[in-house]
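Good morning, and thank you for coming. I should like to take you through one structure this morning, part by part, and I will explain each term as we meet it.

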Amino acid sequence: MQFDIEINGEQVTAKKGETIKNVLDRIGIKVPTLCNMNGFTPTGSCRLCVVEVDGLQGLVPSCSHQVEEWMKIKTHSPRVLKARKTIVELLLARHPDECLYCNRNKNCELQSLAEELDIRERKHQTKRLSIQIDRACSSIERDPAKCILCGRCIRICDEVIGVAAIDIMGRGSDSRIGTSYNKGLNVSSCVKCGQCIMVCPTAALSERSNIQTVLDALHNPELFPVIQFSPTVPASIAEDFNLKTSKDILNLFRAALKKMGFRQIFDTSMAADLTIMEEAAEFIDRWNKQSVLPMFTSCCPSWVRYAEEEKRKLLPNLSSTRSPQQMMGRVVKNYITSSAGQKPSSVFVVSVMPCTSKKHEAEGDVMKDNNTRYVDAVLTTRELVRLIRLMGIDFSCLEPEPNDTAFSLRSSAGKLFGVSGGHLEGLIRTIHYMMTGQEINPIKINDLRGLKTKKETHIKIGKQVLKVMAVSGLANVKSVLDEIESGRKDVHIVEVMTCPFGCINGGGQRIGSDEKSLKSRMKAIYDVDEEEMIKVAHKNPIITDLYDKFLGHPNSDQNKDLLHQVPITEKTV
Amino acid sequence: MSVLDSIQTKDFLIEKILKNYSGIFDKGTGEQLALIKREKVIHPVLYLGMGTCGIVSGADKTYMAIQKYLNDNNLEAEVVKTGCLGFCSAEPLLDIQLPGKARISYQHVTQEKVEDLLNAVFHHTLIPENILGQHRFASHEEWPGVDFIDQHPFFAQQHRNVLHNTGLISPWSIDDYLARGGYKSLFKTVLNYTPDKVCEIIEQSELRGRGGGGYATGKKWRNALDTGSDQKFLVCNAEESDPGVFLNRAFIEGDPHRVLEGIAIASYAIGANSAYIHIRYNHEQSLMIMENAIAQAKEYGILGENIFASGFNLNLFIRKGAGAFVCGEETSLIASMESQRGTPQTKPPYPTEKGLFGHPTVVNNVETLANVPAILENGPTWFRSIGTNGSKGTKVISLAGKATRKGFVEVPMGIPISNIVFDIAGGISDGKPLKAVQIGGPFGICIPPKGLSAEIGYESLQEIGASLGLCGLTLLDEDICMVSLSKYFMKLLHKESCGKCIPCREGTHRMLEILEGITKRPKEESSHETLERFKGVVQLENLAEVIHDTSLCGLGKNAPNPVLSSLKWFRDEFEEHIFDRKCRAGVCNDLRSFFIDVDICNGCNVCQKKCPETAIIGAIRMPHFIVESKCTGCGICFDSCKFNAIYYK
């Protein structure tokens, strides 16, 4: 049902059932908000989106109030503006005045609100909040003093990730967001996915920065710094530096890394190819024995942690194959750099990931003999951007650096890891080849593509049919796990990504990503798949070479220790 | 005592009284009923007020003393524990009814008075002190020279409708309620009316919610009835946390079955098969009485499956509230019942559309529900005949503070506040002048004596900026500092704010800080400080407006009320605090300056020893002095001086 309402003196058509904010968005009137999130039911807690409606006592929140036929709305009347301004002034009263030192400087919603609402003085003279920063977790840092209690992180943690590691405690002005028993984040049910950072309007949540470690390594003459980067990183960097996502971007990106002092540059996609090989072999082994199915992928460390903590019964079903980041670290330290005449201990492997959880993962994987890590430092995409700026790299003056090391050769299957469904697609291509000796046709599996959180399809391999599933967003995984735990048997492979839509939306990506940028990142990945010559992992010459020279054949006992994790079940949590 | 045993009593009450439409009995039945109602007693009956207020005043000790007296003297008498009659400051209240004689009330019956008092009464004489009055009953012989209790100023202007039985019957006995026509309305309702008809009757009665918002009860029920769902809930809100208000407790402790009957009728009207009573965990007496009442009603077949063979089922559960002020708000209450954090939700959708566990839910206050049985019994026209235009019926009001007579009273809507304050409550206890009346709990306002002509009612109170709310009147004399009082309420609201919405969370904190700044002793007094304080007050008004305009729930919206009303009526007191650094009531410690009168001081040295700040100097047996810069105004010296040599300004 449609009807006309009056907004700021003009007649506007509105539909029954939509909120005032829906109408305002449609006609291009912007009202500020801090607590509202697209796709979530409004909580109406920040009260910044209030508007004046004739006949109603008090101001009403436009995010949750539905339009009605008789309404006459004023969105920017003096009364409304005063209310909004006062609310932000109140928020600023106890907020630490640290904008200049804050890592969200110039990218902070509170800061821009204060600017938009023209706040030019500290109205309320009072004590600033000072609360201890929670640095207990190796991936995520919490600074409750900067928190404005909008509640977005709680909702994403509960409704999208489904672990509810944080919630509000205390009441009134003593309310804080905290973990259970107010212990550090490391001992909570947190899976370190970093989605909370992505929705935080201020710097209350951020990644643990490794920039200084990397800088030190770059300038340490005794070290041989190398870098690996995840498939989604170049496209995201391009967004930040306003570069066109073309084929050249990869070479430009390499040039930037070279200029910063990294001696060798690897594409983690190569290790992803290796992951596919191992995982495919592991699956075929299980398939032939028809035991411990379905097999879950294990490339997402947040998912692995979740399974370790909450679903121990399902742990044998997780693939034991290591994640691409750790495979790369291990291969680099064990084989590749030794061919360049470097000792493993002097090689410093930095990885750039769109993920905060990888920091935690890298920390746990150490060499047995000297206790050094296979991946020494992990940077998120955001940190790399900061590092590039810090090092004064100007992309417009860079000469594209061609692919120099043979080791950065990779198939597009490995590249697909960046998006939910992509890992599975690459894996199936190789499984098909390994089981039948023929390439899959068509090579594109459209059912596994697109911005959806749950994708299912049947794959014909010879005379057999595989049922596969790609699920992203840990809360969505829960329902699948429940089905499987209660006896669902028809699924054979489940790809799990903690962040919705996969790593393109990872917790280490640029803050303020919208659906448009997700789509462009996804497109960049699928474009590579279109153009690339090698589309399957088993055709990657580096991989075949590696197996010939060092590793034997996939899933062999010889490389169990190198490329597979100790049976996950035995790990202590 | 009834000559029937308990099972016979039950059958008699259900079959002959409850199911008797006409209300006309034969002689035998009438006599039997009179026995159960204790209108006719064979042995003496003693009624002891054992509500929470009674127990606090020592009623349990009085009870022991009575039992001991009866045992020692080998007397056969029944002791009935009743709820509070409303006159809490007169507790422990003991009523004695000798066979054939009128029931006589004694106030302040502490344990040591029991023996003399009972000795006298059992010998048909009276000790004149502590008599409250005698109850009027046609067939009872009057005590000579004793006033009737309905003539007592505390009761004379009351219109006891909801409180009809409170304090007179035993809350532990369903028989007492049934014998007085209890559950008849429920019986009539479930057998004769459709839910739609019940909603219509309540709509016609113009009953409005007694919990605060004043929403039309019938309309609320209708909304829930019209929302299609296979499951609906009724929630009785007894989560009472206002300081100085104790009404929910009074209803439950005095007449729990009236509340249960209201709940059952409301559940029937909206089509709910499950109802919850949300009682604060520390109202232990209420919890025990309510549990007992539910068990009795189930035993009598009044609750549970297929009530009165009508096909209507009702399961009733008690929920203990953890004691958060904000959980009195219906959406927070629902959230806390769902084991969520007790924070309010945005409305719409209203709970009547989407409430407890997503099902249509009606949340009604105890008093609202307690009004329902009488409306169905006497009809909506009767109810509408009481009260004023917009506010029908009666309102129970609690009286606290420095009132001469404290407790709770039921008055018709439209009665001027001054009548309650001066006639019923008897003004300030020690004859001091009245400074203000605080009305409506922590969100309420302070009215000076000149504003007391306002009437009790939804609209009339709104006009002066108050809300009817749970309606507690707190009488304040001139020993109260209005700035301190505003600070006290602000502190309470600030502490009880749930922290969800910014204006309430941060705004109440700021307002409290500003008020604290006004009452705090500045280390270095300069014109700048005075200016800051002045600016603070200007900010108070600004903040109050925004908090009121934008807060999510009633707590935030009304949080600035006490400050705004005090600023309006007692602005001079604020100004004194700000500019003259003076608190006329002497309450704000930081603003007190102490001096020693050298003519009186004999140098005993006590004050010097007690002063925690070593601010007092002086040799022994010589007059002492207070160093003003060191003095914190704690007042310990003032309290310790035996010669009244210390005074403050």
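Let us begin with helix α1 of chain B, whose buried residues pack against three helices of chain B, namely α2 (27–36), α7 (174–179) and α8. The buried residues of α1(B), which spans residues 6–18, are Thr9(B), Phe12(B), Leu13(B), Ile17(B) and Leu18(B). A residue is called buried if 20 or more other C-beta atoms lie within 10 Å of its own, exposed if 12 or fewer do, and partly exposed in between, with the C-beta atoms placed from the backbone. Helices (H or I, at least four residues) and strands (E, at least two) are DSSP runs, numbered from the N terminus. Two residues are in contact if their C-beta atoms, again placed from the backbone, lie within 7 Å.

Before going further, I must state that this is a predicted model, in which local features need pLDDT of at least 70 and side-chain atom pairs count only at pLDDT 80 or more, while totals for chains, interfaces and linings use all residues. Residues are numbered from 1 along each chain as its sequence is written, and chains are lettered from A and ligands numbered from 1 in the order in which they are written.

Next, please look at helix α15 of chain B, residues 366–378. How many of its 13 residues are buried? The count is 11, so α15(B) is mostly covered by the definition of burial given above. Among these buried residues are Val366(B), Leu369(B), Pro373(B) and Leu376(B). Just after α15(B) comes Gly379(B), with a positive phi of about 90°.

Two helices pack against α15(B), and I shall take them in turn. Two packed helices are described by the angle between their axes and the distance between the axes. The axes are lines fitted to C-alpha atoms, for helices over the stretch in contact, and angles run from 0 to 180 degrees between N-to-C directions.

The helix α8(B), residues 184–192, packs on α15(B) at an angle of about 65°, and the axes are 9 Å apart. These two helices, α8(B) and α15(B), are therefore roughly perpendicular. Angles under 35 degrees count as roughly parallel, over 145 as roughly antiparallel, 65 to 115 as roughly perpendicular, and the rest as oblique. On the α8(B) side the contact is made by Lys184(B), Ser185(B), Lys188(B) and Thr189(B), and on the α15(B) side by Pro373(B), Leu376(B) and Glu377(B). By class, the residues of this contact are two nonpolar, two polar and three charged. Here Ala, Val, Leu, Ile, Met, Phe, Trp, Tyr, Cys and Pro count as nonpolar, Asp, Glu, Lys and Arg as charged, and the others, Gly among them, as polar.

The helix α11(B), residues 247–254, packs on α15(B) at about 40°, with the axes 9 Å apart. For this pair, α11(B) and α15(B), the orientation is therefore oblique. In this contact, Leu247(B), Asn248(B), Phe251(B) and Ile252(B) of α11(B) meet Val366(B), Glu367(B) and Ala370(B) of α15(B). The residues of the contact divide into five nonpolar, one polar and one charged.

Let us now turn to where the two chains meet. The contact takes 26 residues from chain A and 27 residues from chain B. On the chain A side, helix α2 (residues 78–94) gives the largest share, seven residues. That side of chain A has 12 nonpolar, 11 polar and three charged residues.

One residue to find in chain A is Ser175(A), in the loop between β7 (166–169) and β8 (176–179). Is Ser175(A) buried, exposed or partly exposed? It counts as partly exposed, because Ser175(A) has 19 C-beta neighbours inside 10 Å. Not counting residues up to four places away in sequence, Ser175(A) touches Leu149(A), Ile168(A) and Gly170(A), and also Gly499(B) and Arg505(B).

Finally, I would draw your attention to some backbone details. The peptide bond from Asn441(A) to Pro442(A) is cis, with omega near -5°, and Pro442(A) is in the loop between α15 (422–436) and β15 (454–461) of chain A. In chain B, a cis peptide bond joins Pro348(B) and Pro349(B), with omega about 0°. Two residues of chain A remain. Arg47(A), which is not a glycine, has a positive phi near 60°, and it counts as buried, with 28 C-beta neighbours inside 10 Å. Lys106(A), also not a glycine, has a positive phi of about 75°, whereas its surroundings hold 8 other C-beta atoms within 10 Å, so Lys106(A) is exposed.
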